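Work through the exercises below with the structure open. Try each task before reading its solution.

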Amino acid sequence: AGMAVGGGRYVMVGAASDTLLNSTDGRNWTRVGPSVPMNFVAAAASETMVRAIAAGVELRIGTSGAFTTVVPTTTMFPDARDIAFGANIFVAVGGVGGGRIATSAPADSWSNLSLGVMPDLYGVNYIVDRFFAVGAGGTILTSSTGTTWTPLVSGTTQTLRKTAYGAGTHVVVGAAGTVLTSTDGTTWQTRSANGIGSTINDVIFADGKFVLISEGASIRTSLEGTAWTPRTNPLGAPLKSVVHTAGRFYAFTTGNTNYLISADGYTWTVAQHGNANTTGDAVVFGDRVYLVGANASIVSLPVYAITPAIGTAPAAQIANVGGSVTFSVVATGSGPFRYQWFKDGIALLGVTEPAWSIAALSALDAGSYSVMVTNAAGSVMSSGANLTVNLVPPGFLSSQARATTGAAALHGAFTVEGTVP
């Protein structure tokens, strides 16, 4: 079973009963799914639909969230394991006793490719401008079109599962804690997963960092993909799929009514979706995360924006008349953000960016500056940052003087330098 992300929604499908759960609050769930006696293994989303696949069955979900069709995929091989969308085409990979690839335009049937003998394939992703497919024996294939594939040398014989890209680095993960990195998507280097010996089931890059999860219940994060830091899994359960949307990471277990949520990928809390079927995959589509898994299970999780908070407030500044200053703010929460700057509590017309500069300062610019940050969940006002403007005279005095004691007069010579106002 699987989960995919795209078009602002999540999708998850599963196996042999008619399980589909829907919720408006993330706590109370209603079964609304189709009767499809299959184990859905993966799901992916274009801008207009989600396509979840199983042995001989495809489930499609439209932008309204309704299950529009269940299509027998008679032309697609029955042992697919993963699916991705990119370059206006869906690509599915899998195979038992030999790797297989099939392609489909967004609303069309599937076509199997003739690629000759290759190892079984386990994962596929569209990254930047090309697909990456990975599998048994350290297999890595790339394709810009999804139809013509080029093998790469990975340097490992381990089974590879998933791929991600960020911070200028490709990351591939797999069995026995395998982590590979590449800066060009061609030449690969083995990295340490910092103590993971089990299969790494998924990896993503979001919010400036990589997050990977494993069958052994491990969570690791990395800014560049090379050095990985352990994070606490409060469930202590094996993890199957991880996605990110609306300022949150979501990590799903392989068979548990609970899942994990994190605002930063570092600290995780437990939430509940109420479906005990084994998770296969997850996808973001529209305003929901869909989980797909065993017993034809589909869980629809509403995505709520995180109220903004001030991460770095504007700082107080001191400058001279004629100089310049820049005020800035860093917000946390779910983007996109809107900004409105204020001076002494009064909104500044047209000043709506996270950083704002004032040039050619005058005494009138002195005051307290603050900014309001707003997103779909609410607003927050920063503390005020005082601007002090020093009044510099048009010139300065240099002098030479001498004095006598007693009643003698004081004599001096003075020169005024500067610009006449």
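Two residues are in contact when heavy atoms of theirs lie within 4.5 Å. The model is predicted.

**Exercise 1. The cores**

Task: Which residues is Leu 387 in contact with, leaving aside its neighbours within four places in sequence? Then place Leu 387 in its nonpolar core.

Solution.
- Step 1. Skip the neighbours within four places in sequence; the contacts of Leu 387 are then Gln 317, Val 325, Phe 327, Ile 358, Leu 361, Asp 365, Ala 366, Gly 367 and Tyr 369.
- Step 2. Turn to the largest nonpolar core, which has 18 residues. Leu 387 is among those with the most contacts inside this core, together with Val 325, Phe 327, Trp 341, Trp 356, Ile 358 and Tyr 369.
- Step 3. Trace the strands. At least two residues of this core come from each of E34 (325-328), E36 (338-343), E38 (355-358), E39 (367-375) and E41 (385-390).
- Step 4. A second core is separate and has 14 residues, including Ala 54, Leu 59, Ile 61 and Val 283.
- Step 5. Look at the rings. Phe 327, Trp 341, Trp 356 and Tyr 369 form one aromatic cluster.

**Exercise 2. Aromatic pairs**

Task: How many aromatic pairs does a search of the whole structure find? Describe the pair of Tyr 126 and Phe 131, then the pair of Phe 132 and Trp 188.

Solution.
- Step 1. The search gives 14 aromatic pairs.
- Step 2. Tyr 126 and Phe 131 are 4.8 Å apart, centre to centre, with 65° between the planes. Planes over 60 degrees apart count as edge-to-face, so this pair is edge-to-face.
- Step 3. Check burial. Tyr 126 is partly exposed at 24% relative accessibility, whereas Phe 131 is buried at 0%.
- Step 4. Phe 132 and Trp 188 are also edge-to-face, at 6.5 Å centre to centre and 85° between the planes.
- Step 5. Place this pair in the chain. Phe 132 is in strand E14, and Trp 188 is in the loop between E19 (179-182) and E20 (189-191). The two are 56 residues apart, and their pair links distant parts of the chain.
- Step 6. Phe 132 is buried, with a relative accessible area of 1%. Trp 188 is buried too, at 11%.

**Exercise 3. Positive phi outside glycine**

Task: Val 128 and Ala 217 each have a positive phi. Is each one buried or exposed?

Solution.
- Step 1. Val 128 has a phi of about 65° and is not a glycine. Val 128 lies in the loop between E13 (121-127) and E14 (130-135).
- Step 2. The relative accessibility of Val 128 is 61%. Exposed means over 50%, so Val 128 is exposed.
- Step 3. Ala 217 has a phi of about 75° and is not a glycine. Its loop runs between E22 (209-214) and E23.
- Step 4. The relative accessible area of Ala 217 is 15%. Buried means under 20%, so Ala 217 is buried.

**Exercise 4. Two open sheets**

Task: In what order do the four strands E9, E10, E11 and E12 lie, and which strands stand at the edges? Do likewise for the sheet of E21, E22, E23 and E24.

Solution.
- Step 1. The order is E9-E10-E11-E12, in an open sheet with antiparallel pairing.
- Step 2. E9 (80-86) and E12 (111-112) each have a single partner strand, so one side of each lacks a neighbour in the sheet.
- Step 3. E9 is joined to E10 (89-94) by six bridges. Ala 80 has Gly 94 as its bridge partner.
- Step 4. The order E21-E22-E23-E24 describes another open, antiparallel sheet. Its edge strands are E21 (200-206) and E24 (229-231).
- Step 5. Neighbouring strands here are turned by 25° against each other on average, direction ignored.
- Step 6. Three bridges join E23 (219-222) to E24. Thr 221 stands opposite Thr 229.

**Exercise 5. A covered strand**

Task: How many residues of strand E31 are buried, and on which sides?

Solution.
- Step 1. Five of the five residues of E31 (298-302) are buried.
- Step 2. Ile 298, Ser 300 and Pro 302 are on one side, Val 299 and Leu 301 on the other. Both faces are covered.
- Step 3. E30 (288-293) pairs with E31 in the antiparallel sense over five bridges. Tyr 290 stands opposite Ser 300.
- Step 4. E30 and E31 form a hairpin with four residues between them. In the turn, Asn 295 has a positive phi of about 55°.

Conventions. Residues numbered from 1 in each chain as written. Predicted model: local features only at pLDDT ≥ 70, side-chain atom pairs only at ≥ 80, totals over all residues. Heavy atoms only, no water. Core = buried A, V, L, I, M, F, W, Y, C linked by side-chain atoms within 4.5 Å. Buried < 20%, exposed > 50% of the residue type's maximum accessible area, 1.4 Å probe, protein only. Pairing = 2+ DSSP bridges. Axes fitted to C-alpha atoms, helices over the stretch in contact; angles between N-to-C directions. Phe/Tyr/Trp six-rings, centres within 6.5 Å; stacked < 30°, edge-to-face > 60°.
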